[in-house]
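Reader: I have a fold in front of me and would like to practise reading it feature by feature. Could you walk me through it?

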Amino acid sequence: MRFYEDFHVGETEVVGHYDVSREEIVEFASRWDPRPFHIDDAAAAKSVFGGLSASSCHTYAITARLTFESGRDVAAAANLKTELRFPAAVRPGDRLTLVSECLERRLSGSQPGVGIVKSQSRLVNQDDVVVLFMDTVSMIRLRDSAGEYAEESAKESAKEAANDLGDNSGRGNA
């Protein structure tokens, strides 16, 4: 289980890899997003994509699967915001890699026992082209899950949060 104290600004980790097949793209799209450029090669060749491409829903589902399979359980108290962008298409034969980076962290100013963590995940193909950006802001429990700050941990976390976010008070407003 990963707690607030386990997230460090600038830390990047490879979450996992996934190989995408033509059959999987067509199968997923046939059920959930049956537009011609996801299920028909000839129609896809004439589309803006210039060939068969995975649905954005499928792309996100791959991201969710990689996160789950990684075993990276997080002591999340709440997901405050998730923003998704799909700058490039996923193609049959792509080998995708999910990479996650901690961008910011700070203690909550209104919720004892939790911190706020902002992270970005990138799903990239074998050519290092980003096919998904996922920006997330989450409330993550501190290791002292009883809801009270452990004095030493709170002081250390507050100092780190102030340094990480340029906030001299060590308090945020979540």
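Reader: Let me begin with one residue: is D33 buried or exposed?

Author: Buried means under 20% relative accessible area, exposed over 50%, and partly exposed in between (1.4 Å probe, protein chains only). D33 counts as buried because its relative accessibility is 10%. Do keep in mind that this is a predicted model, where local features need pLDDT of at least 70, side-chain atom pairs count only at pLDDT 80 or more, and totals for chains, interfaces and linings use all residues. Residues are numbered from 1 along each chain as its sequence is written, and side-chain values use heavy atoms, with hydrogens and water left out.

Reader: Where does D33 sit, and which residues does D33 touch?

Author: Helices (H or I, at least four residues) and strands (E, at least two) are DSSP runs, numbered from the N terminus. By that reading, D33 lies in the loop between α1 and α2. Contact means heavy atoms within 4.5 Å. Not counting residues up to four places away in sequence, D33 touches F28, H38 and S55. With H38 there is also a polar contact, side chain to side chain, at 3.4 Å. That term stands for a pair of N or O atoms within 3.5 Å; within protein, one must be able to donate a hydrogen and the other to accept it, and residues adjacent in sequence count only if both atoms are side-chain atoms.

Reader: Which residues of helix α1 are buried?

Author: First the general idea. An α-helix has 3.6 residues a turn, so residues three or four places apart point the same way. In α1, which spans residues 22–32, the buried ones are I25, V26, F28 and A29. Their cover includes α2 (36–39) and α4 (56–69).

Reader: How are the strands of the sheet ordered?

Author: Two strands pair if DSSP finds at least two bridges between them. Here 5 strands form an open sheet in the order β1-β3-β4-β5-β2, with antiparallel pairing. β1 and β2 (76–85) stand at the edges with a single partner strand each, so one side of each is left without a neighbour in the sheet. On average, neighbouring strands are turned by 20° against each other, direction ignored; for such angles, axes are lines fitted to C-alpha atoms, for helices over the stretch in contact, and angles run from 0 to 180 degrees between N-to-C directions.

Reader: How many bridges join β3 to β4?

Author: There are 10 bridges between β3 and β4 (residues 114–124), and these strands run antiparallel. Two residues let you follow the register: E101 has Q120 as its bridge partner in β4, and V99 has R122. The β3 and β4 hairpin has 6 residues between the strands, and G113 takes a positive phi near 90° there. Toward β1 (residues 12–19), β3 (residues 95–107) pairs in the antiparallel sense over 7 bridges, with S100 as the partner of E13.

Reader: How many disulfides does the structure hold?

Author: A disulfide is a pair of cysteine sulfur atoms within 2.5 Å, and the structure holds 0 of them. C57 is partly exposed because its relative accessible area is 44%, whereas C102, at 5% relative accessibility, counts as buried.
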